[in-house]
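User: Please take a close look at one helix in this model and what lies around it. I would like a connected account that a first-year student can follow.

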Amino acid sequence: MKKALILIGSPRKKGSTATLAAEAERGLKENGIETKTVFLNDLKIKGCQACYWCKKNDVAECAMKDDMQNLHQLMKECDGMIVASPIYFAGVTAQTKAWLDRLFPYIGMDLSPKMPPGKKVSFIFTQNQPDARLFATPIATFMQMVGLTGLPVKDHMLACDLDTGVKPPVEDNKKVMEQAYHLGKNLIQ
Ligand SMILES: Cc1cc2nc3c(=O)[nH]c(=O)nc-3n(C[C@H](O)[C@H](O)[C@H](O)COP(=O)(O)O)c2cc1C
């Protein structure tokens with residue numbers, strides 16, 4: 001049975017990002033894919049300490065013994081990933097950025113990717129601002145950086161005009177809910 005790992009970078013377990021990620025999970029499950037969802041906010045993940053242990057030893061492993069160890073294992077074992085984050089101050093959340101920095105072991109000094117091949121990643125982003133163009137550049141840069149590890153980007157979506165508890169719930173927006181469902185359904189063929 002193929003496995004998908006869903007990483008959620010929002011601190012809200014019932015926010016718009018988690019709701020869209022759950023729709024993507026529904027799509028994955030309909031394809032018979034086993035899923036595991038991890039809220040990054042539940043984990044203790046320090047920022048990269050720039051010790052260069054992974055580089056000196058030329059390994060796709062990290063010297064820091066925190067919750068990222070388990071996540072490294074889950075990433076290596078899965079057949080595809082979905083990373084979902086709200087936009088905070090024009091970028092991904094701090095939790096998501098800490099995760100990205102800790103992907104350093106998967107990038108060689110010559111920028112060669114070290115992630116075991118054969119898995120793709122799709123992204124879900126949410127933001128309050130209605131204009132989808134506003135943060136297009138930081139979003140594209142984030143996806144490109146994840147891609148450097150050897151995780152080819154399969155798909156991404158951005159749901160705008162969302163503010164949990166203040167604006168209409170994301171469930172009311174059938175278009176983005178369907179988009180998230182299909183993003184999940186198409187991740188692993
Ligand atoms: C600290 C903070 C910073 C935010 N910065 C932005 C921003 O720069 N641009 C934007 O459009 N929305 C911003 N938002 C709004 C969230 O991105 C948006 O409401 C998102 O859908 C929240 O996702 P959630 O419901 O999963 O928590 C910010 C929210 C917070 C709490």
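The part in question is helix 1, and the answer below starts there and then moves outward.

Analyst: This is a predicted model, and what follows is computed from it. Helix 1 runs over residues 16–30. There are two things to say about helix 1: what it gives to the ligand, and how it packs against another helix.

The ligand comes first. Around the ligand there are 18 residues, and those that come nearest are Gly15, Thr17, Pro86, Gln127 and Gln129. Thr17 falls within the span 16–30 of helix 1, and Pro86 falls within the span 80–88 of strand 3. Helix 1 and strand 3 each supply at least two residues of the shell. Sorted by class, the shell holds nine polar residues, seven nonpolar ones and two charged ones.

Strand 3 deserves a short look, since it shares in the shell with helix 1. Tyr88 is part of strand 3. Is Tyr88 buried or exposed? Tyr88 counts as partly exposed, because 16 C-beta neighbours lie inside 10 Å. The C-alpha atom of Tyr88 is 7.9 Å from that of Gln127, although the two residues are 39 residues apart along the chain. Gln127 is one of the residues named above as coming nearest to the ligand.

Gly15, another of those residues, has a distant partner in sequence to consider. Gly165 and Gly15 are 150 residues apart in sequence, yet their C-alpha atoms are 8.7 Å apart in space. Gly165 sits in the loop between strand 6 and helix 6. With 8 other C-beta atoms within 10 Å, Gly165 is exposed.

That loop leads to the second topic, the packing of helix 1 on helix 6. Two packed helices are described by the angle between their axes and the distance between the axes. Helix 6 covers residues 174–185. The axes of helix 1 and helix 6 come within 6 Å, and they cross at roughly 45°. The two helices are therefore oblique to each other. The crossing of helix 1 past helix 6 is right-handed.

Which residues make this contact? On the side of helix 1 they are Leu20, Glu23, Ala24, Glu25, Arg26, Gly27, Leu28 and Glu30. On the side of helix 6 they are Val176, Met177, Ala180, Tyr181, His182, Leu183, Gly184 and Lys185. Taken by class, the residues of this contact are eight nonpolar, five charged and three polar.

The loop before helix 6 has one more residue to point out. Asp161 lies in the loop between strand 6, residues 153–159, and helix 6. Most residues other than glycine have a negative phi. Asp161 has a phi near 65°, a positive value in a residue other than glycine. Asp161 counts as partly exposed, because 17 C-beta neighbours lie inside 10 Å.

Asp58 also has a positive phi, near 50°, and is likewise a residue other than glycine. Asp58 belongs to the loop between helix 2, residues 53–56, and helix 3, residues 68–77. With 10 C-beta neighbours inside 10 Å, Asp58 counts as exposed.

Finally, the account returns to strand 3 and the loop that leads to it. Asp79 is in the loop between helix 3 and strand 3. Asp79 is partly exposed, since 16 other C-beta atoms lie within 10 Å. Leaving out residues up to four places away in sequence, Asp79 touches Lys2, Lys3, Ala4, Lys119 and Ile188. Asp42, in the loop between strand 2 and helix 2, is 23 Å from Asp79, C-alpha to C-alpha. Asp42 is exposed, with 12 other C-beta atoms within 10 Å.

Terms used. Residues numbered from 1 in each chain as written. Predicted model: local features only at pLDDT ≥ 70, side-chain atom pairs only at ≥ 80, totals over all residues. Near = placed C-beta within 6 Å. Helix = DSSP H or I, 4+ residues; strand = E, 2+ residues; numbered from the N terminus. Nonpolar A, V, L, I, M, F, W, Y, C, P; charged D, E, K, R; others polar. Axes fitted to C-alpha atoms, helices over the stretch in contact; angles between N-to-C directions. Parallel < 35°, antiparallel > 145°, perpendicular 65-115°, else oblique. Left-handed = near helix turned anticlockwise from the far one by under 90°. Contact = placed C-beta atoms within 7 Å. Buried ≥ 20, exposed ≤ 12 C-beta atoms within 10 Å, placed from the backbone.
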